[in-house]
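This report goes through one protein chain, from single residues to the overall fold. The sequence and the model are shown first.

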Amino acid sequence: MEKHEENGIIIGVNDKVRAPKAFILGLQHVLAMDLYIAPIIIAGLLSLTLENTAFFVQMCFLATGIATLIQTGAGIKMPVVQGPSYVPIGAIAAIGGKLGLGAIAGSLIPGAILIAFIGYPLKWFTKAVRKIIPPLVGGTVIIIVGIALMPVGLNNIFLAEGNIGENIIVASVSAAIVIICMLLGRRLGGLGTFFRLVSVLLAILGGIITASFFGTVDFNPVKEAAWFSLPSLLPFGKPIFDLGAIISMIFVYLIILIETTGTWFVVSSVTGEELDEKRLNRASVGEGLGCFAGALVGSTPMTGYSSNAGLLAITGVASRTVIMVSGGILVCLGLIPKLSTAITCIPEPVINGIFGIVCVAIVTNGMKVIQPIKIDDRNMMVIGIPILLTIAVTVLPKEVLATVPDWANYILSSGITVGALATVLLNLIIPLNKAKE
């Protein structure tokens, strides 16, 4: 097995991993995801029953697994874990509340097909990316992804059930274990490498043990969950194709595509794999097909998860085989509610302590991308202003969103979207220094 020391990668993208080891390493990615949060928020906004909420979460696990297998196996062919995007929460709630649950599927399906067509046969996606996302923009977007996600992880620690002081202790323990394992992996070799490979599993275990001392671990819901449940096609009724809802969702899909492109840049930066023309167009197809599959089984739109991209840097494991195993595990979780329920019972501070370190890894990888670029006054503005706007949107009071039009709400609901759009626009608007040209 080849070591890729330049990028800190121990197991490369195309390295083969034996099944038992791949299962353990793939399980880390699954356990570190918070993919059930977005569907639970949407279920609450739609006032779904407890039974429908559980089924909705289950279908999100299934759709996440299918989308991951499509993207990593045949789409971008890089270690990308898909998951429910937070961007369309407001749009889905609005469409479902006004037009019914059938209109949600009716708005998701056309947009997913369009995103796939942008990749193939139209081949527009690569042209757009090459023109508007050079390394300066790509590196800045990666930094923005990490910065925008930091408050999400911290709020999930501070606002989780239980005492805030205890939550901080639990999160600190899980974060510290990850950091120690990373340092051991880089200094010791051999046994240290093992600790780095399984750092997330050890951090989750240590976090759960710490949380149990404070009485915040509760796996009782697992007893009530069913062992096996088959999915159904369009479970929330026949699709209703409303033109206004479709147009709104297409706009949301384009925002998601910008968001997920940032994740692809993170993965490319961490692994050293080039995002060439074919790969980018296949990625757009994979994104569209994953979202289409999700719509058919009653899930939400999928996006590449930046947190899992950050895990590649932390663990040094970038094998597609491992991520494909993660996809297979997620599919199984979507069919076995008892197992998916067990994962949702892991205390939020445990996961988000790890998540904070992941965000740090994402930001530093973005810095690596822009490091060779001369930071003159122009580039300072292209990098700095979008970061400022990202933070501004992140701390924007939620009640402000209720006063703006829907299209603005979709944009302002995501700091990543605002930052990415600002980076692209500023790079296009601010003229290059003639001396540089």
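Does Val424 count as buried or exposed? At 14% relative accessibility, Val424 counts as buried, because the cut-off for that class is under 20%. The model is a predicted one, and the values below are computed from it.

**Val424 and its surroundings**

Val424 lies in helix α21, which spans residues 415-429. Not counting residues up to four places away in sequence, Val424 touches Ile132 and Val137. Pro386 is 38 residues from Val424 in sequence, and the two C-alpha atoms are 9.2 Å apart.

**Ser319 and Thr344**

Ser319 sits in the loop that runs between α14 (306-315) and α15 (320-335). Ser319 has a relative accessible area of 0% and is therefore buried. From this loop position, the Ser319 side chain reaches the backbone nitrogen of Thr321 at 3.1 Å. Beyond its neighbours within four places in sequence, Ser319 is in contact with Ile11, Gly12, Val13, Asp15, Val17 and Pro79.

Thr344 belongs to helix α16, residues 337-344. Its relative accessibility is 27%, so Thr344 counts as partly exposed. With residues up to four places away in sequence left out, Thr344 touches Tyr36 and Phe61. Thr344 and Phe219 are 125 residues apart along the chain, while their C-alpha atoms are separated by 9.1 Å.

The accessibility classes of several residues discussed in this report are collected below.

| Residue | Relative accessible area | Class |
|---|---|---|
| Val424 | 14% | buried |
| Ser319 | 0% | buried |
| Thr344 | 27% | partly exposed |
| Cys60 | 0% | buried |
| Cys332 | 41% | partly exposed |

**Cysteines**

How many disulfides does a search of the whole structure find? The search finds zero. Cys60 is in no disulfide, and the nearest cysteine sulfur, that of Cys291, is 12 Å away. Cys60 is also buried, at a relative accessible area of 0%. Why is the sulfur of Cys332 without a bond to the closest cysteine sulfur? The closest one, in Cys60, is 17 Å away, which is too far for a bond; a disulfide needs the two sulfur atoms within 2.5 Å. Cys332 is partly exposed, with 41% relative accessibility.

**Nonpolar cores**

The largest nonpolar core has 104 residues, of which Ile204, Met249, Tyr253, Trp264, Ile314 and Ile354 touch the most other members. Helix α12 (residues 243-271) gives this core its largest share, twelve residues. A second, separate core has ten residues, including Leu136, Ile143, Ile144 and Ile370.

For Ile314, the contacts outside its neighbours within four places in sequence are Val178, Met182, Arg196, Ser199, Ile357, Val358 and Ala361.

**The chain as a whole**

The chain contains 21 helices and two strands. Of its 437 residues, 55% count as buried. Among contacts in the chain with a separation of 6 or more, residues 24 or more positions apart account for 85%.

Does the radius of gyration agree or disagree with that of a compact globule? The chain has 21 Å, which agrees with a value near 22 Å for a compact globule of 437 residues. Along the principal axes, the C-alpha atoms fill a box of roughly 70 × 60 × 40 Å. The chain exposes about 18600 Å², and carbon and sulfur atoms supply 68% of that area.

Definitions and conventions. Residues numbered from 1 in each chain as written. Predicted model: local features only at pLDDT ≥ 70, side-chain atom pairs only at ≥ 80, totals over all residues. Heavy atoms only, no water. Buried < 20%, exposed > 50% of the residue type's maximum accessible area, 1.4 Å probe, protein only. Helix = DSSP H or I, 4+ residues; strand = E, 2+ residues; numbered from the N terminus. Polar contact = N/O pair within 3.5 Å; in protein donor to acceptor, adjacent residues only side chain to side chain. Contact = heavy atoms within 4.5 Å. Rg over C-alpha atoms; globule rule 2.2 N^0.38 Å. Areas by Shrake-Rupley, 256 points an atom, 1.4 Å probe, with all protein chains shown as cover. Core = buried A, V, L, I, M, F, W, Y, C linked by side-chain atoms within 4.5 Å.
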